[in-house]
Amino acid sequence: MAFAPARAPRFEPQRWRARVCAVLFALGWPALAAAADGPERQLLEAVQALQQGDSRAALEQLEQLVHREPRFRLAQLLYGEVLAARSGVAVADPLIDRNDPHVRALLQELHARLAAAGDQAPPPEALPDAILRLSARHRYAVVVDLPHARLYVLKNNGGTLARAGDYYVSLAKHGYGKRSAGDLRTPVGVYRVTGFKPGRELPAFYGAGAFPLNYPNGWDRLHGRDGDGIWLHGVPREVYARPPRASEGCVVLANDDLLALKPVLLADDTPVVLGDELQWRDAATLAQETEALERLIEDWRASLAARDARRYAAFYAEDFRDGRGLDKAGFVAAQRRFVDTRRRLKVRVRDLDLFRYPGERGLVLARFVEEVGSGRRRRLIRKEQYWRREPDGRWLIVCEENPAPQPSARPARLRTALATSAE
Amino acid sequence: MSDEGSPVNSPLRRAAAILLLALGAALPAFATAPTVQEAQTLMSKGDYAGALGLLDAYLAHTPQDAEARFTRGLALVKLDRIDEAITVFSDLTRDYPKLPEPYNNLAVLYAQKGEYEKARDALEAALATHPAYATAHENLGDIYAALAAAAYNRALQLDQDNPTVRQKLALINQLTNIPGGVAATAGTPPAPAAPAAEAPPPPPPVAEAAPPSPPAVAPPAAPPAAVQPPPAEAATAALPPPAPSVAQTAPPPAAPEAQAAVSAPAPAPAVPAPAEAVANTAPAAGDDQAILEVVNAWAQAWSMQDPKTYLSFYADDFKPEGGVSRAAWEAQRRERLTAPSHISVTVLEPRISHVGAHRVDVRFVQDYSSGSFSDRVDKTLELSDRSGAWKIVREIVH
């Protein structure tokens, strides 16, 4: 018997990969904002293939994925499922024990990742309503959708925002809405990072590094919220990601994702919004709301420039408190003393940011630099005003702070020019 | 796969070696050269070195004789020169890509080294040309199962060296059963045989073309790894096939707690409760203190990683959630209790509601941690008074 060396068709993994791509292309699978070739994207493609009934293609994707990220446990679980199904042999399926905390955590992670890419994904052009205006001095903003365990990066093109990537995150064990130290909750509010601690200087638990947040901020302190050490940080080497509810308050990202965010978070004073009830709106809808608030700030500014004490005082709520605990009467009196000492008063509002404050009903945070005077006598005062919408529809200031320039992630250009409070 | 601990692999390797012996039988009908026949006879007598010498001399002037090369590969395996054998079979697949057997043997050798993915590719190559090649199908199923078990272990952070990991036992049983068991019905889960019966490699199955193939009938050569007797759990490892449906797991899983109805009150429990808390108390329906003691003792048995005591808190008619069989559930609990290096379970804020004369619901916050993992859930244990002892009849996570 002779054996002719024949060119028999060999098994070609690439062929299957091409098929998955073809399937996805034909379906118009929504452009996922996650890194185009990231592990999560590959996981989603495998799930997509499974939903098409193409377990062969799913297997190809998952195999590549577990080679690339062996510590991506969710990928390992799905890989095991597909392999077990294909084996035709009885392999004990860990999914049968839904009471097992490890299984449950993995399923929660799967749910979060699928939801963020599927029916709960915000429309591609939509923006989170937490940011109503972002001054051009910020190059980026970061918004965390806490209920959906998702972090969104927004790029600021001269005041016009556009989405620029999103990432799975883990939050605290007990969810969000932090009130006190040790309550195992992630804060809700508007924050900024105060620096970067590289992983090599931290316990292995924090992975690639950490960006501390300025929790508690002025609003938190006003409401007696305490605790500290709220960071955005990475994961230990043994895992690729952690379950959706895992930390003691921090926001946790995969190490690669954390490092990808470094230029974003260390850019000029990038706001980090931790939002509990984000709505996604198109830019035009948001702009209408923004214009009304801009007019409000302008009226406030005009009352100050005109030294119209009555009109100025009318912007402040009866239960107003300033950052140091002054009530309305005391605060207005202090402002008047300050204002009255200057003969010519020129007031400008620069670099205005407006946030719909998360976790509160009808509250807007206005952050800006108040420029008083002109020429050599000019003073720059950083302001944070919390405006509350009253039942009659008016907006009143309930809290105002002149925050000391905080240690910025990077030396802010503005900082050297800033005088502290002029009062 | 190289990060796998060898305790996991060595039984698999042994199983793979057994398969290989069997596969000698699968050699297709060649016009066998006399020298090759002679070498095969030597091998059947255990003289592998002698056979190898004959074959080397023969191949020096007839380098393309496929059967001689194949037989040489088998001899190298017997001499434990695995890497050389891999080269031999690998070259055969290159020169005769339509022959399935070299692919198959290559796969078995890769599996022996724990390189399951290479093994799988080789088997799939064999099946590409011979889709009905039953042995390759069976081996492929086993390879997938081995890969699946390894993936599950990595997914669930199970200790790779833990000998009680049930998936592995189930797998080992099935792998070792293959040679003697199912021959042509690929895809049928073989019924796991009694683990005690597995010591000597069973006679090889006669796969496709079955020439008188001496190497196959040479079982006495000791498999590389020592045969370790399966632990007691091996009996419970004989699980019903869970029929894992991947498509169902893909969409966001809903909480499986919807199913209602606890099964009818069962007769008196036969199992004596070893836990003090259970044995010593004779709780009446209103005895909340006794009920709390039972729940705390249950949590403590879990924390102590004592599956026997832990399981004794469950009534005989306890129904696991999700339609799992009691045996499968017990096996899984046993494993989950013993796998982590430490476990701590605390019952917080328990609230007892009496739903009948002999029936209470205890709802509480369960604080669980093991190693670096921890979580908190709301849980309800339904307990029933069984001859003076409170037993868990249902366990629900909210």
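Start by selecting A:V142 and A:V272: the two are bridge partners, with A:V272 sitting in β13(A). The model you have open is predicted.

**Stop 1: the strands around that bridge**

Widen the selection to residues 140-145 of chain A, strand β3, and residues 271-275 of chain A, strand β13. The two strands run parallel. Four bridges join them.

**Stop 2: the whole sheet**

Now bring in the neighbours. The sheet is open and has five strands, ordered β5-β4-β3-β13-β7 in chain A. Its pairing is mixed. Where does the sheet end on each side? Select β5 (160-168) and β7 (189-192) of chain A: these are the edge strands, and each pairs on one side only. Look along the sheet for its twist: neighbouring strands are turned by 25° against each other on average, direction ignored.

**Stop 3: a helix pair**

Leave the sheet and select residues 39-51 of chain A, helix α2, with residues 55-68 of chain A, helix α3. Their axes lie 7 Å apart, and the helices pack at an angle of about 160°. An angle over 145 degrees counts as roughly antiparallel, so α2(A) and α3(A) are roughly antiparallel to each other. Is their crossing left-handed or right-handed? The crossing of α2(A) and α3(A) is left-handed.

**Stop 4: the helix contact**

Show side chains here. From α2(A), pick A:P39, A:Q42, A:L43, A:E45, A:A46, A:A49 and A:L50. From α3(A), add A:S55, A:A57, A:A58, A:Q61, A:L62, A:Q64, A:L65 and A:R68. These residues make the contact. Colour them by class: nine are nonpolar, four polar and two charged.

Technical notes: Residues are numbered from 1 along each chain as its sequence is written. Chains are lettered from A and ligands numbered from 1 in the order in which they are written. This is a predicted model: local features need pLDDT of at least 70, side-chain atom pairs count only at pLDDT 80 or more; totals for chains, interfaces and linings use all residues. Axes are lines fitted to C-alpha atoms, for helices over the stretch in contact, and angles run from 0 to 180 degrees between N-to-C directions. Angles under 35 degrees count as roughly parallel, over 145 as roughly antiparallel, 65 to 115 as roughly perpendicular and the rest as oblique. A crossing is left-handed if the near helix is turned anticlockwise from the far one by less than a right angle, and right-handed if clockwise. Two residues are in contact if their C-beta atoms, placed from the backbone, lie within 7 Å. Ala, Val, Leu, Ile, Met, Phe, Trp, Tyr, Cys and Pro count as nonpolar, Asp, Glu, Lys and Arg as charged, and the others, Gly among them, as polar. Two strands pair if DSSP finds at least two bridges between them.
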